[in-house]
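Got your viewer open and a hand on the mouse? Let's take a walk through this structure, one selection at a time.

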Amino acid sequence: MPDGLVNAVQLSGDGAPLQLSKQQALDFTPEQGLVWLHFNYKHPATERWLTDESGLTMLETDALLAQDTRPRILRSGDGVLLALRGINLNPGADPEDMVSLRLYVAKNRIITTSSRDLLSVKGLAQDILDGNGPDNSGGFLLSICERLTDRNVTFIDQLEERLDELEDKLLEGDRRDLRTEIAELRRQTVVVRRYLAPQRDAFSKLLNDSASIYDDHQRLAFNEVNDTLVRGIEDLDSVRERATVAQEELQNHQSEAVNQRLYFLSLISAVFLPLGFLTGLLGVNIAGIPGAETPWAFTAFCTGLALIVAVQLWFFYRHRWL
């Protein structure tokens, strides 16, 4: 068995649930029950095993090894091929940098691949080994989709709570760094929705195309999972729209503040325009300036300037410019 094997678990059959060694997983046959093999698809040995020893078709192998995928579902033989996305909760990673999970699910074998850790995968494997997990392909598919959806919706709820905080800051007038934070929030919603929208479509198609995998109870449960994802996407759309409104409101506040400053400067300029004209006119160094020889002329001139300012302020107030 290739070194790219991350986990091998027997879901049903004698002794199940059971953590299998690489050799046990290699020797496992359909008659023994249901086995789940999880690989790191970037490992060279994974590609060799999937291509040469897995017994999968080229279409199935290519789907499990694809470097860049968007959520989708494809019926292949007696199994189902899926590409799903989950929130990236690895340390130091951006949650919206969603981890891709590729699955091939048949009645007696499940093969999944990813390049990064997913808590949903780890948690499901542990639950199976603890005896609390699914023991058939339909239950496995339901469980993994439910776990991915719960974490995706939880992240959407966190985005909504963060937006509430930003809106409160906007209303309170604390607008420092708000522009950057709102822009980042909008970016996250766009990235997450880019993957969750096709994942919703894949879930809907999965409900219609997987009669041989699900029983009636699992179908009803999966319908609830699909509804949860749909509501999550609706909440995500609401967050994006509210973030857009908040960003526009912030821009309006900033534009209004700039306009108020420019308006104030315009009034100051209007007040000092006649004063500057008069002082410049009387400040020329030529003969004939009125009051040049009169002691009280400067006082009278300053009084006249003050009177001009008072008249201007009255005029601005009368026309509600102040």
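Start with helix 6 and helix 7: helix 6 passes helix 7 in a left-handed crossing. To see it, select residues 178–209 for helix 6 and residues 216–282 for helix 7. Their axes are 9 Å apart, and the helices pack at an angle of about 155°. Anything over 145 degrees counts as roughly antiparallel, so helix 6 and helix 7 are roughly antiparallel to each other. Now colour the contact by residue class: between helix 6 and helix 7 you should find 21 nonpolar, nine polar and seven charged residues. Keep in mind as you click around that this is a predicted model.

Keep helix 7 selected and add helix 8, residues 297–318. Here the axes come within 10 Å and cross at roughly 155°. That angle makes helix 7 roughly antiparallel to helix 8. Which hand does this crossing of helix 7 and helix 8 have? It's right-handed.

Want to see who is touching whom? On the helix 7 side, show Leu267, Ala270, Val271, Pro274, Leu275, Leu278, Thr279 and Leu282. On the helix 8 side, show Phe301, Leu305, Ile308, Val309, Gln312 and Phe316. By class, the contact of helix 7 with helix 8 has twelve nonpolar residues, two polar ones and no charged ones.

Next, head back towards the start of the numbering and select helix 2 (residues 44–52) together with helix 3 (residues 58–65). Their axes come within 9 Å and cross at roughly 160°, so this pair is roughly antiparallel too. The crossing of helix 2 and helix 3 is right-handed. Turn on side chains: Thr46, Glu47, Leu50 and Thr51 in helix 2 meet Thr61, Leu64 and Leu65 in helix 3. The residues of this contact split into three nonpolar, three polar and one charged.

Now for a small detail in a loop. Select Pro17, which is in the loop between strand 1 (5–10) and strand 2 (18–19). Zoom in on the link between Ala16 and Pro17: that peptide bond is cis, with omega about 0°.

Time for some rings. Select Arg85 and Tyr195, and look at where the charged end of Arg85 goes: it sits over the ring of Tyr195, 4.1 Å from the ring's centre. Then pick Arg102 and Tyr41, where Arg102 lies over the face of Tyr41, at 4.1 Å from the ring centre.

One last hunt: how many aromatic pairs does a search of the whole structure find? It finds four. Show the aromatic side chains and see whether you can spot them.

How values were computed: Residues numbered from 1 in each chain as written. Predicted model: local features only at pLDDT ≥ 70, side-chain atom pairs only at ≥ 80, totals over all residues. Heavy atoms only, no water. Phe/Tyr/Trp six-rings, centres within 6.5 Å; stacked < 30°, edge-to-face > 60°. Lys NZ or Arg CZ within 6 Å of the ring centre and 35° of its normal. Axes fitted to C-alpha atoms, helices over the stretch in contact; angles between N-to-C directions. Helix = DSSP H or I, 4+ residues; strand = E, 2+ residues; numbered from the N terminus. Parallel < 35°, antiparallel > 145°, perpendicular 65-115°, else oblique. Left-handed = near helix turned anticlockwise from the far one by under 90°. Contact = heavy atoms within 4.5 Å. Nonpolar A, V, L, I, M, F, W, Y, C, P; charged D, E, K, R; others polar.
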